[in-house]
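Let's take a friendly walk through a protein model and see how some of its side chains meet. Keep the picture open beside you as you read.

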Amino acid sequence: MAEIVGVVGVTHNPLMWAVLRQSTPDDLARVAANFEMLRDRVSALRPDVIVLIASDHFHMLMMANMPAFLIGKANEMRAGHPNEERVFGLRPARLGGDPDLGAHLLGGRDLTPGFDFAFSDEPWLDHSFLVPLDFLTPGLEIPVVPVFTNCNAPPIPTAARFAELGQHLSEAIRSFPGRRRVLVVGSGHLAHELGGPRQFLGESPDPDFDTQAVSWMAGGDVGSAVSAASFQRLTEAGNESYQFLNFVACLALAGGKATMAEATPTRFGNLPFFSWDM
């Protein structure tokens, strides 16, 4: 049977990644240290596969067809898009996959009764997947099952639906008949503004939201996270704060208090770092 060995939630900010490639300025020293600590933790957990919950940024999924949730099931997949290499220096990569586990999460021959997932046998991952993997598994050697979530194109699934996603993934992973040590990684933001008037403030656009979000994770409080993380509240926190919902899925999947819950202050706002022991 498969075992969930750990759950981690991290930022995928590509501007932060680009700066850390060159040096470690004072305001990112804590970020670099957090990633190093989590990288050591991932290595110690020895996962066979990573189930990675993240949101595409209009690279693979477009307005012509925008699923709420999509699971990638492929032996190999592309990661990194040309504009991400051009703008951020994020080089394209080839990642291994686990199509058997991906198919099982979908439900096998019949879709799971809880979710009508979309799926892809040719997933192409963007920086929301590649940046966390580059920090946590620098060799990119661990196979990945990507779980795409729509956090960018309203209508967006509710926080309650993301909690249900986490619960489903928890049950589905544990019911997989093969032996797997599974690490679950969530990729997202706290309060975040992109292209709006609060972009590049040098601080969080909504520190109160960030403080609340950290308290939900630290307290294992799924109910409060679901109740508070409405579309309106997330919009007030910043026009790109919806990807916080990927962490709600992680919280519900882990089913307990985070052993690490931090909003790290930087020039890019408060960057999230969460970890749960299983």
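## Charges over rings

The charged end of Arg78 is placed over the ring of Trp124, at 3.6 Å from the ring's centre. Please keep in mind that this is a predicted model. Another arginine, Arg161, lies over the face of Phe115, and here the distance to the ring centre is 3.8 Å.

## Rings that meet rings

How many aromatic pairs does a search of the whole structure find? The search gives 13. In one of them, the ring centres of Phe209 and Trp216 are 6.0 Å apart and the ring planes stand at 80°, so this pair is edge-to-face, given that planes over 60 degrees apart count as such. Phe209 has 0% relative accessibility, so it counts as buried. Trp216 also counts as buried, because its relative accessibility is 6% and the cut-off is under 20%.

Now look at Phe247 and Phe274. Their ring centres lie 5.2 Å apart with the planes at 75°, so these two are edge-to-face as well. Phe247 belongs to helix α10 (residues 245-254) and Phe274 to strand β11 (residues 269-277), so the pair ties together parts that are 27 residues apart in sequence. Are these two residues buried or exposed? Phe247 is buried, with 0% relative accessibility, and Phe274 is buried too, with a relative accessible area of 0%. Step back a little, and you can find a cluster in which ring pairs link Phe209, Trp216, Phe244, Phe247, Phe274 and Trp276.

## Around His189

Where does His189 lie? Look in the loop between β9 (180-188) and α7 (207-219). Although His189 is in a loop, it counts as buried because its relative accessibility is 7%.

The side chain of His189 makes a polar contact of 3.4 Å with the side chain of His12. Setting aside residues up to four places away in sequence, His189 touches His12, Glu240, Gln243, Phe244, Phe247 and Pro272. Two of these names, Phe244 and Phe247, may be familiar from the ring cluster.

## Helix α1 and its surroundings

At the N-terminal end of α1 you will find a cap: a side-chain oxygen of Asn13 lies 2.9 Å from the backbone nitrogen of Leu15. Which residues of α1 are buried? They are Pro14, Met16, Trp17, Ala18 and Leu20. The cover over these buried residues includes β1 (2-11), α2 (29-45), α3 (82-88), α5 and β11.

Let's look at one of those partners, α5. Helix α1 (residues 14-22) packs against helix α5 (residues 127-136) at an angle of about 35°, with the two axes 10 Å apart. Their crossing is left-handed. From α1, the contact is made by Pro14, Met16, Trp17 and Leu20, and from α5 by His127, Val131, Asp134 and Phe135.

## A serine in helix α5

Our last stop is Ser128, which lies in helix α5. Ser128 is buried, as its relative accessible area is 0%. Its side chain is joined to that of Asp126 by a polar contact of 2.6 Å.

What else is Ser128 in contact with, leaving aside neighbours within four places in sequence? The residues are His12, Ala54, Ser55, Asp56, His57 and Ser187. You have already met His12, whose side chain makes a polar contact with the side chain of His189.

Notes:
Residues are numbered from 1 along each chain as its sequence is written. This is a predicted model: local features need pLDDT of at least 70, side-chain atom pairs count only at pLDDT 80 or more; totals for chains, interfaces and linings use all residues. Side-chain values use heavy atoms; hydrogens and water are left out. Rings of Phe, Tyr and Trp (its six-membered ring) pair if their centres lie within 6.5 Å; planes under 30 degrees apart count as stacked, over 60 as edge-to-face and the rest as tilted. Buried means under 20% relative accessible area, exposed over 50%, partly exposed in between (1.4 Å probe, protein chains only). Helices (H or I, at least four residues) and strands (E, at least two) are DSSP runs, numbered from the N terminus. A charge sits over a ring if NZ of Lys or CZ of Arg is within 6 Å of the ring centre and within 35 degrees of the ring normal. A polar contact is a pair of N or O atoms within 3.5 Å; within protein, one must be able to donate a hydrogen and the other to accept it, and residues adjacent in sequence count only if both atoms are side-chain atoms. Contact means heavy atoms within 4.5 Å. Axes are lines fitted to C-alpha atoms, for helices over the stretch in contact, and angles run from 0 to 180 degrees between N-to-C directions. A crossing is left-handed if the near helix is turned anticlockwise from the far one by less than a right angle, and right-handed if clockwise.
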